[in-house]
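Got your viewer open and a selection box ready? Let's hop from stop to stop and see what turns up.

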Amino acid sequence: MNAMTLLAQNAGFLPTRGSIMIDFVFLAMFGIILILGISIYLVRYRRMYEVHKWIQIVTGIVLLLAVLAFEVDMRFFTDWQALAEPSSFGMATVKGLLYFHLLFAVPTPVLWIFVIWHGLTKFPNPAAPSPYSKTHIFWARLAAIGMLLTAVTGWVFYYAAFVA
């Protein structure tokens, strides 16, 4: 067994049945939602367009790398179902909650990439309001709602699978 497998299968750092990576993503989503809220506040109320742009770019890159690492861990190193098996909710409910979570978790990154890409290509540099602003706000709101629903459904899944 290699070092990566040993690290992945060790208990996480929270007092639950989650693995290190599952615990990391669970906690990281609180930070992502907080950063997203701050970024929205800065652009909406403080008109800090360039700061908003860079927060979104950096957060998008970090999220992309985290999701890739998470998927590699789940597919090759961590048997999440074995960790969730003792759940008092039962595996049918846990899997149902996972599928519900995936309804938001799969399209949201695609939507975020769309919003960021179009933001970079359709706004002036440095960032400032443009004729594209209303369209951007529409899609960005959907992406923000998607991220919030991804986080909330992920937290519910985490609780049901690795706490209860």
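Start by selecting Ala 69, which sits in helix H3, residues 49–76. Helices here are DSSP runs of H or I with at least four residues, strands are runs of E with at least two, and both are numbered from the N terminus. Bear in mind that this is a predicted model: local features need pLDDT of at least 70, side-chain atom pairs count only at pLDDT 80 or more, and totals for chains, interfaces and linings use all residues. Residues are numbered from 1 along each chain as its sequence is written, and side-chain values use heavy atoms, with hydrogens and water left out.

Is Ala 69 buried or exposed? Neither quite: Ala 69 is partly exposed, because its relative accessible area is 37%. The cut-offs are under 20% for buried, over 50% for exposed and partly exposed in between, using a 1.4 Å probe and protein chains only.

Stay in H3 and pick Thr 59. Thr 59 has a relative accessible area of 9%, so it counts as buried. Leaving out residues up to four places away in sequence, Thr 59 touches Ile 32, Ile 35 and Trp 112; contact means heavy atoms within 4.5 Å.

Next, draw a C-alpha to C-alpha distance from Ala 69 to Leu 111: the two are 20 Å apart in space and 42 residues apart in sequence. Leu 111 belongs to helix H6. Beyond residues up to four places away in sequence, Leu 111 touches Trp 139, Leu 142 and Ala 143. Another C-alpha pair to try is Leu 111 with Val 152, at 18 Å in space and 41 residues in sequence.

Now go to His 136 in helix H7. His 136 is buried, because its relative accessible area is 15%. Which residues does His 136 contact, leaving aside neighbours within four places in sequence? Show His 52, Val 115, Gly 119 and Phe 123.

Time for the inside. The largest nonpolar core has 26 residues, and those with the most contacts inside it are Trp 80, Ala 84, Val 94, Met 147, Phe 157 and Phe 162. Such a core is a set of buried Ala, Val, Leu, Ile, Met, Phe, Trp, Tyr and Cys residues joined through side-chain atoms within 4.5 Å. Colour by helix and you'll see that H2 (20–45), H3, H4 (80–84), H5 (91–105), H6 (107–122) and H7 (133–163) each supply at least two residues of this core. H7 gives the most, with ten residues. Click on Met 147: apart from neighbours within four places in sequence, Met 147 is in contact with Met 29, Ile 32, Ile 33, Leu 36, Leu 63, Thr 108 and Trp 112.

For an annotation overlay, an unreviewed UniProt entry lists residues 20–42, 54–77, 97–117 and 138–161 as "transmembrane region". Positions there follow the numbering used here, feature names are shortened, and annotations may be inferred rather than shown by experiment. Select 20–42 and you get 100% helix and 0% strand, with the end C-alpha atoms 33 Å apart. Select 54–77 and you get 96% helix and 0% strand, with end C-alpha atoms 33 Å apart.

Finally, zoom out. The protein chain has seven helices and zero strands, and its C-alpha trace spans about 55 × 35 × 20 Å along the principal axes. Of the 164 residues, 38% are buried. Among contacts with a separation of 6 or more, 71% come from residues 24 or more positions apart.
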